[in-house]
Amino acid sequence: MVVSRDVVLSIGVLVIHVAGGTVHPSPTWVGKMSTVFQMALVLAAMASAYFQLVPPFVTKLLAWITAGFTITSGLQYIVMGLKQLETPTSVGGRL
């Protein structure tokens, strides 16, 4: 079963919301690079399939690079979400 990064992030937002927290997403450069490579991969795949402009090895290489950025970005957002779930302490150590 393939679960996309966005589905995992949506579930995380729901969990934080149900737990009474608020979500403060902030984009990361890895997430932005993930988006850039996803778009490049789609364009390369279409150019390869329909016009034979891009060699198959380029599309495969882009797919691996895209997967790396997407997985790394998803893990970053999971870590940031888990940090938002931690119980904050006020000044003086009391809740």
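**Notes on a three-helix model**

1. Tyr-77 is found in helix H3, so let me start there, in what is a predicted model. Is Tyr-77 buried or exposed? With a relative accessible area of 18%, Tyr-77 is buried, because the cut-off for that class is under 20%. Tyr-77 also has a partner that is distant in sequence: Pro-27 is 50 residues away along the chain, yet the two C-alpha atoms are 8.8 Å apart in space.

2. A quick word on the overall fold, to help you find your way around. The secondary structure comes to three helices and zero strands, and reading along the sequence gives the pattern α-α-α. Helix H1 covers 5–18 and helix H3 covers 56–85, while helix H2 covers 29–51. The protein has 95 residues, and 21% of them count as buried.

3. Tyr-77 leads us to the largest pocket. Which residues lie nearest the centre of that pocket? They are Leu-9, Val-13, Ile-16, Tyr-77 and Gly-81, out of a lining of 18 residues. The space in the largest pocket is about 360 Å³. If you plan to look at the pocket on screen, H1 and H3 are the helices to display, since each supplies at least two residues of the lining. H3 gives the largest share, with seven residues.

4. What is the chemical make-up of that lining, by class? The lining of the largest pocket holds 13 nonpolar residues and five polar ones, and no charged residues.

5. The outside has a feature that you may like to colour as well. A nonpolar surface patch of about 760 Å² is formed by Val-7, Val-8, Ile-11, Val-15, Ile-71, Leu-75, Ile-78, Leu-82 and Leu-85. H1 and H3 each supply at least two residues of the patch, and the largest share, five residues, comes from H3. H1 and H3 are also helices that each give at least two residues to the lining of the largest pocket.

6. Ile-71 is one of the patch residues, and its place is in helix H3. How does Ile-71 rank for accessibility, buried or exposed? Its relative accessible area is 54%, and Ile-71 is therefore exposed, as the class begins over 50%. Tyr-77, in the same helix H3, is buried at 18%.

7. Now for helix H2, where Ser-34 has its place. Ser-34 has 0% relative accessibility and so counts as buried, under the 20% limit. Which residue, 35 residues away along the chain, has its C-alpha atom 4.9 Å from that of Ser-34? That residue is Phe-69.

8. One backbone detail deserves a look before you go on. Gln-52 has a phi near 50 degrees, a positive value in a residue other than glycine. Where does Gln-52 lie? Gln-52 is in the loop between H2 and H3. With 61% relative accessibility, Gln-52 counts as exposed, because that value is over 50%.

Conventions: Residues numbered from 1 in each chain as written. Predicted model: local features only at pLDDT ≥ 70, side-chain atom pairs only at ≥ 80, totals over all residues. Heavy atoms only, no water. 1 Å grid on protein atoms, 1.4 Å probe; cavity = no way out; pocket = protein on both sides within 12 Å on 5 of 7 lines; lining within 4 Å. Points joined across faces, edges and corners; volume = space filled by probe spheres on them. Helix = DSSP H or I, 4+ residues; strand = E, 2+ residues; numbered from the N terminus. Nonpolar A, V, L, I, M, F, W, Y, C, P; charged D, E, K, R; others polar. Patch = residues over 30% accessible without salt bridge, like charges linked within 9 Å, V, L, I, M, F, W, Y side chains within 5 Å. Areas by Shrake-Rupley, 256 points an atom, 1.4 Å probe, with all protein chains shown as cover. Salt bridge = Lys/Arg side-chain N within 4 Å of Asp/Glu carboxyl O. Buried < 20%, exposed > 50% of the residue type's maximum accessible area, 1.4 Å probe, protein only.
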